[in-house]
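This briefing describes the pockets and the aromatic side chains of one protein model. Please keep the structure in view while reading the points below.

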Amino acid sequence: WTTAGLDFYTLNNVKLMETEAEKLAGGTSNPYSALGKFFKAYFSIRMSLKFGDVPFSQALQGLDNTTPVYDSQKEVFVAALNLLGEANDLMATSIEKGDNSLQGDIYLGNDLRKWQQVINTYKLRVLIHLSKHADDSDLNVKGRFAEVLNNPSKYPVMESLDDNMAYIYN
C-alpha cells in the first residue's frame with residue numbers, strides 16, 4: 001500500500017523537453033523529438049503493465065483536461081508501438097542529416113545510431129511481451145516483429161554487450 005509509482009511527472013518533463021527542442025531546432029525533426037517519442041512509449045507501457053488501463057491519449061493536458069479518459073491497455077500498447085516506429089524514423093532522419101544537437105547523454109555518449117538500436121530493441125522486447133496476442137490484428141505483433149528483423153538497415157538493433165545501455169558510475 002505505497003504510492004502508485006506513476007510516471008506522469010517524468011512524461012511532463014519529456015513533453016517540456018520536446019517543446020524546447022522544437023523551438024531550438026525549428027521543427028519536430030530532431031533527436032530530442034525522437035527520444036521524446038521513445039520515452040513516451042517506454043513510460044506509458046511501464047505504467048500500463050503496472051495498472052492496466054491508464055490515461056494516455058488525453059494525458060498531460062494540465063488544467064485543459066483535469067479528468068482524462070483511461071485508455072485500454074491494448075490502446076496504450078498500439079499507440080506506444082506506433083510511437084516507437086515514429087521514433088526510429090525520426091532518429092534515422094537525424095542520422096542522415098548529420099544532426100549532432102544531442103548533448104549531455106550519459107548513457108550512450110550522444111550516439112544517435114546507438115539510440116536507434118535501443119529504440120528498435122525495446123520495440124522487439126515489447127512485441128515479445130505481446131506474443132500471447134500474436135493473432136490480434138490491431139497489435140500486428142507478427143508483422144511488426146518481421147518488419148524489424150527483415151530490415152536491419154532501417155531497424156538496427158543491439159547485437160552484443162558492447163551495445164549495452166548503462167550508466168557507469170564515476
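A residue counts as buried when its relative accessible area is under 20%, as exposed when that area is over 50%, and as partly exposed in between. The model discussed here is predicted. By the cut-off just given, Phe38 is buried, because its relative accessibility is 6%.

**Aromatic pairs**

- A pair of aromatic rings is described by the distance of the centres and the angle of the planes.
- The search of the whole structure finds nine aromatic pairs.
- In one of these pairs, the ring centres of Phe38 and Tyr122 are 5.8 Å apart and the planes stand at 85°, so the arrangement is edge-to-face; planes over 60 degrees apart fall in that class.
- This pair links distant parts of the chain, since Phe38 belongs to helix 2 and Tyr122 to helix 4 (residues 112–129), with their positions 84 residues apart.
- Tyr122 also counts as buried, because its relative accessibility is 15%.
- Another edge-to-face pair consists of Tyr42 and Phe43, with 5.1 Å from centre to centre and 80° between the planes.
- Are these two residues buried or partly exposed? Tyr42 is partly exposed, at a relative accessible area of 30%, whereas Phe43 is buried, at 14%.
- One aromatic cluster is formed by Phe38, Phe39, Tyr42, Phe43, Trp115 and Tyr122.

**The largest pocket**

- The largest pocket holds about 270 Å³ of space.
- Its lining consists of 16 residues, and those nearest the centre are Met17, Leu35, Phe39, Tyr107 and Trp115.
- Helix 1 (8–25) and helix 2 (31–51) are the elements that give two or more residues to this lining.
- Sorted by class, the lining of the largest pocket comprises 11 nonpolar, four polar and one charged residues.
- Phe39 and Trp115 therefore appear in two places in this briefing: among the residues nearest the centre of the largest pocket and in the aromatic cluster.

**The second largest pocket**

- About 170 Å³ of space lies in the second largest pocket.
- Among the residues that line this pocket are Phe8, Leu11, Lys15, Lys40, Ser44 and Pro55.
- Helix 1 and helix 2 are the elements that give two or more residues to this lining.
- Which element gives the most to the lining of the second largest pocket? Helix 1 does, with three residues.
- By class, the lining of the second largest pocket has seven nonpolar, two polar and two charged residues.

Key:
Residues numbered from 1 in each chain as written. Predicted model: local features only at pLDDT ≥ 70, side-chain atom pairs only at ≥ 80, totals over all residues. Heavy atoms only, no water. 1 Å grid on protein atoms, 1.4 Å probe; cavity = no way out; pocket = protein on both sides within 12 Å on 5 of 7 lines; lining within 4 Å. Points joined across faces, edges and corners; volume = space filled by probe spheres on them. Helix = DSSP H or I, 4+ residues; strand = E, 2+ residues; numbered from the N terminus. Nonpolar A, V, L, I, M, F, W, Y, C, P; charged D, E, K, R; others polar. Phe/Tyr/Trp six-rings, centres within 6.5 Å; stacked < 30°, edge-to-face > 60°. Buried < 20%, exposed > 50% of the residue type's maximum accessible area, 1.4 Å probe, protein only.
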